[in-house]
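Me: I am new to this structure and would like to go through it step by step. Could we begin with the terms and then turn to the details?

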Amino acid sequence: MLEEPKHQLLTNLLSGITREELIWINGYIAGIIQQPETENKTVEDPVKPATGNKLTIVYGTETGNSRKLASEFAAKAKKLAYQVKLASLDQYRLSDLSREQNLLVVISTQGDGEPPVAAQKFYDHIHQDGFQLPALKYAVLALGDSSYPLFCKTGEDVDIQLGKSGAQRILPVCKCDVEYEGDAAVWFQQALDLLSKAAVLSTPKQIISQTASTVKPNKILYEGSVLSTVNLLDRKGKERVIQHLELLAEGVAYAPGDSIGIVPENASAAVQRIIDLLQVDPETTVRFREDEGTLRQILTTQVQIQYLHERVVARYAALVGQDIPAVKMDLLQLLQLYPPTHATWQELIDLLPAQSPRIYTIASSPVAHPDEIHLTVEQDRFPLETGIGYGCGSKYLTELSEQSRLSFFVQKNKRFRLPAPDRDCIFIGPGTGIAACRSFISEREATGATGKNWLFTGEENFATDFLYQTEIQAWLSTGTLQKLSLAFPGDDPLNTIWTRMQADAVELFKWIEAGAYILLSGEKNPMSVQVMAALEQVAVTQGHFDTANAASWLEALRAEGRFLKDVY
Amino acid sequence: MSNKSTIELIKEKSRQLRGTLAESLADEHTGAIREDDQALIKFHGMYQQDDRDRREERAAKKLERLYSFMIRLRLPGGLLKPEQWLALYEVAGKNSTGVIKITSRQTLQLHGILKSSIRPTIKAFSEVALDTIATCGDVNRNVLCSANPAESSVHAEVFAYAEEISRLLMPKTRAYYEIWLGQEPLLTEPEEDPLYQQRYLPRKFKVGIAIPPNNDVDVLTNDVGLIAVVEDGQLMGFNITAGGGLSSTHGNPDTYPRLGTVLGFTDTKEKTLQAVYGIALVQRDFGNRSDRKQARLKYTIDRMGVGDFKKELEKRTGFTLLPARPVTFTHRKDIFGWQQQQDGNWLFTAFVENGRITDSKDQLIKTALQELASTGKGQFRFTCHQNVVVSDISTADKPAIEKILEQYGVAQYTASCSAVRKNAMACVAFPTCPLALAEAQRYMPSLLDKIEVLLSKYQLAGEEMIIRMTGCPNGCARSYAAEIGLVGTAYGKYNLHLGGDRLGERLNLIYRENIGEAEILEELEKLFAAFASGKEAHETIGDFAIRTKWV
């Protein structure tokens, strides 16, 4: 069965081996065999070039016609194994233009030859001087109404500007009147024909550069910068913040399911208060472990200053020779209540713990979002006697501005991987648990995975908190998602993930029995506990298990590698 | 006739207005309904809208537009019982923006209802015998009737026609009850509807009933008008008019506002109802179904000619209309304050600027109406000038009602507003109306402040002139039928129309196009100055503008 070189290696290894060594190898190999089959497969997934040609379809719509057409085109192209990205122009990141290969623009013209409101930014962007897109192939479908004098003006403008930028026009602009369906279908077919011919000639493109990860496989620190950051919630007050961050992370290798670790910086205001309190020169040089820097730098980037552990408080008490109760305290509080009269700055710094990294699940896919890492971070808030307290990591991340830089490492999560492309998946990710689901589903969409996808997600209220709503809608319209089940208990307390799973129990059980994988992500308690109870309940009502057997049924799914969790 | 418009195809394949509305409601990923259903939901009394101010920011947040629905009640003649008000008040607070809007067609509408709240809202209405059937869409809309029972001995008798015509022209489909109230769906073919068939009317269809001498319903602006003919205190029948309608489109000369043409007289209830029904039938069969801008009854009549139209109508009804009787209107307005009804009871007409029932610094009108309704006394009647009449108050109850009206500043506010303000109207326009080109109800009050100053300057403060503003040329606030009309053309710009008559029997004409506030005030000042020095006895400003050739 083994090929000759492998057989030779094995023979060499086994010659002169001890019995103990053999038993160890036996166990080791058994361990490998027992691991879910998927793990081996997905290790190579991130670098595997996608089967199809890339195609981005953007639309600018006022009445919905452009959106309708663009969605239909995207669905057709997906069926032909294109890697399709579909976006409304008001959500399309303009900096992506320079990285597109093939772009189709569907855009309408309003009243006096103007672009739809949603396309205004794009329109202005491509009208800038010196705008260059030499690598792009494109075509424009213009919608309009010939009873207006400036018929399809916007589409024509876009076509001209893209042409001026050096991009290659594969088809002349197609101007459609009120009855647009026929012309649009012909145009799209022509565009696809031309693109598929071009694809044969072009060479496959390397997707991710692997240089960094070959040096030291674990905990390599990468430097990234914030491309964009937005609070996904649309609430009047800011009583909750769930931030979507897009980081530029060229050459960083990761797989969907992985997380990144970041070492947060302490808020500059908090550091300033400490400096002010002790009236010390912030430029004083101090050492912390192997690092040396100014006091401000060390306080900002290296040490923990919030909620110091009882152990640290005790060390401080010993240092300053005072009686201090053993409770968690901020450094500022300690310094205010128990002034360090005799201690030096270096002594103070020495007793502080190093800032520990925070781990966040990645929300992007290396294939769908090349050279980027996206995060979905909820700002952690809790009431304190003195006001509102913030989690250090989430506050740092959610308040990063565009362009700011941060360092991070990739935290592999080999137990949380997509199955083979032809397997069906049930993704469960309420709240920020949507991050991993978005990563997985984007990956499956971009790589043309043929298995079905079902997403369970939700937040508090539909109108204000539906995380990634327009992306999820696009997955539905292109057929990436076969089913979507939502829970917004803020609107209706009876509409929870638990009740949704019971409402869909028949189909849910059918999917699982047919071999679907369940990937659960999000809050550990109470969410993941409830979801597991809900799954067991489904087994009871649909599979006629008793309670104990239902638990073993779920355990068996887990052992089989079909029930995967990433909870926090 | 050439190709049918898209809306026609949607109606025909809708299985009597069902379409995919049930599926649209079940689409949990979106707050919108499916595209074709957006046309159909109008027939159920709703419009899908979205907050135009929030579009851009929500797109960046990866959220769809903030969709919500406007829902409009069917209130023939504008009558609402106290217990119905109480239910409406509660549901408005829970599911809508909270503002209850009196429309220029005597009904009430709520804004900002999310898709998931539509069913609970309609259910709450249903529990107090209210519905929203056919208050929008290509069907007969809310039927108007003179609101004031104090003005005529035959008011109650005529008023009953409003309810009757509303029922007569109501779609036969059970779709409303199935979709919104969860009643069992039909298992067989969709219902037969002898009037609407599967295609409904080519366009909206409006019926109004006026009781002279007050033309408060602007009867000639309706597709079908009924003018009560009263002799010696007896209802003799109705003069029937057809072909009124105000909407037009800027830059499209084939569209125009038009007043109804008097067709004749009917002397029995049966014939009156048959005539109304017959007009709807002729419009159904002869109306333009390819161009919606040519689809109203007014264009059908002008295309056929009044003579042929009348012949076709008489073919349908099987009788000949009698010659119209002479009728005289003496005014076209709400009579504010207390009045005694002919049955000895009392009514109070309160001024509600632009029909917005919401508590403000001017008056706590919403709270006042809630308190009034809580007493269980009397009834509410909403007028075509967007005001409210609290009617049918017995002499014994009157002091208690007076006290409430004073406690919340309603009586004082109505008494303190000028005649020009109380006769004025403006449509909704920004921010919710998708057709708006210019502001209307948000802007009109401040413009009136300035007009009041001008009127005082020329000792015209007591003049009863009618000024109306609409944010687009569709004329919801009937600006073409005003003595002074302002029709929005672009943000901050209006066409100024002059020369309409006081009674609603002559449309105004364009005097200046596309002018802003400064010019509007300048032109009005010239007109007021000329009017103050040159008007004849009892001459209205509209008649003056015609006589002295301003237009």
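Reply: A polar contact is a pair of N or O atoms within 3.5 Å; within protein, one of the two must be able to donate a hydrogen and the other to accept it. Please note that this is a predicted model.

Me: How many residue pairs are in polar contact across the interface of chain A and chain B?

Reply: Across that interface, 15 residue pairs are in polar contact, with both residues at pLDDT 80 or more.

Me: Which elements of chain A supply at least two residues of the side that touches chain B?

Reply: They are α4 (65–79), β7 (222–231), β8 (242–248), α16 (462–465), α17 (469–477) and β19 (483–487) of chain A. The largest share of this side comes from α17(A), with five residues.

Me: What classes do the residues on that side of chain A fall into?

Reply: Ten are nonpolar, ten are polar and nine are charged.

Me: And how many residues does each chain bring to the contact?

Reply: Chain A brings 29 residues and chain B brings 18 residues. The area buried between chain A and chain B is about 2000 Å², and carbon and sulfur atoms give 45% of it.

Me: How many salt bridges are there between chain A and chain B?

Reply: The count is six salt bridges. In one salt bridge, the side chain of R55(B) meets that of E62(A), at 3.2 Å from N to O.

Me: Let us change topic to empty space. How many cavities of 30 Å³ or more does the structure hold?

Reply: The structure holds six such cavities. The largest cavity has about 70 Å³ of space.

Me: Which residues line the largest cavity?

Reply: The lining consists of S146(B), N148(B), E151(B), S152(B), H155(B), I211(B), P212(B), P213(B), N214(B) and D216(B). By class, three of the lining residues are nonpolar, five are polar and two are charged.

Me: P212(B) and P213(B) are both in that list. Is the peptide bond from P212(B) to P213(B) cis or trans?

Reply: That peptide bond is cis, with omega near 15°. P213(B) itself lies in the loop between β7 (207–210) and β8 (224–231) of chain B.

Me: Where is the cis peptide bond in chain A?

Reply: A cis peptide bond joins N525(A) and P526(A), with omega about 5°. P526(A) is placed in helix α20 (residues 524–543) of chain A.

Me: Back to open space: what is the volume of the second largest pocket?

Reply: Its volume is about 1300 Å³. The pocket is lined by 48 residues, and the closest to its centre are T97(B), V99(B), R356(B), P431(B) and T432(B).

Me: Which elements give two or more residues to that lining?

Reply: Chain A gives α16, and chain B gives β1 (46–50), β2 (67–72), α5 (82–95), β5 (108–113) and α16 (444–457). The lining of this pocket has twelve nonpolar, 17 polar and 19 charged residues.

Me: One more residue, please. Where is S404(A) found?

Reply: S404(A) is found in the loop between α14 (392–398) and β16 (405–411) of chain A. A polar atom of the S404(A) side chain lies 2.5 Å from the backbone oxygen of S401(A). Leaving aside residues up to four places away in sequence, S404(A) touches G224(A), S225(A) and V226(A).

Me: And what is phi of Q279(A)?

Reply: Phi of Q279(A) is near 45°, a positive value in a residue other than glycine. Q279(A) is placed in the loop between α9 (268–278) and β10 (285–288) of chain A.

Note on methods: Residues are numbered from 1 along each chain as its sequence is written. Chains are lettered from A and ligands numbered from 1 in the order in which they are written. Side-chain values use heavy atoms; hydrogens and water are left out. Contact means heavy atoms within 4.5 Å. Buried area is the accessible area (1.4 Å probe) that two parts lose on being put together, summed over both. A salt bridge is a side-chain nitrogen of Lys or Arg within 4 Å of a carboxyl oxygen of Asp or Glu. Helices (H or I, at least four residues) and strands (E, at least two) are DSSP runs, numbered from the N terminus. Ala, Val, Leu, Ile, Met, Phe, Trp, Tyr, Cys and Pro count as nonpolar, Asp, Glu, Lys and Arg as charged, and the others, Gly among them, as polar. On a 1 Å grid over the protein atoms alone, a cavity is a set of points where a 1.4 Å probe fits but cannot get out, and a pocket is an open set with protein on both sides within 12 Å along at least five of seven lines; lining residues have an atom within 4 Å of a point. Grid points are joined across faces, edges and corners, and a volume is the space filled by probe spheres set on the points.
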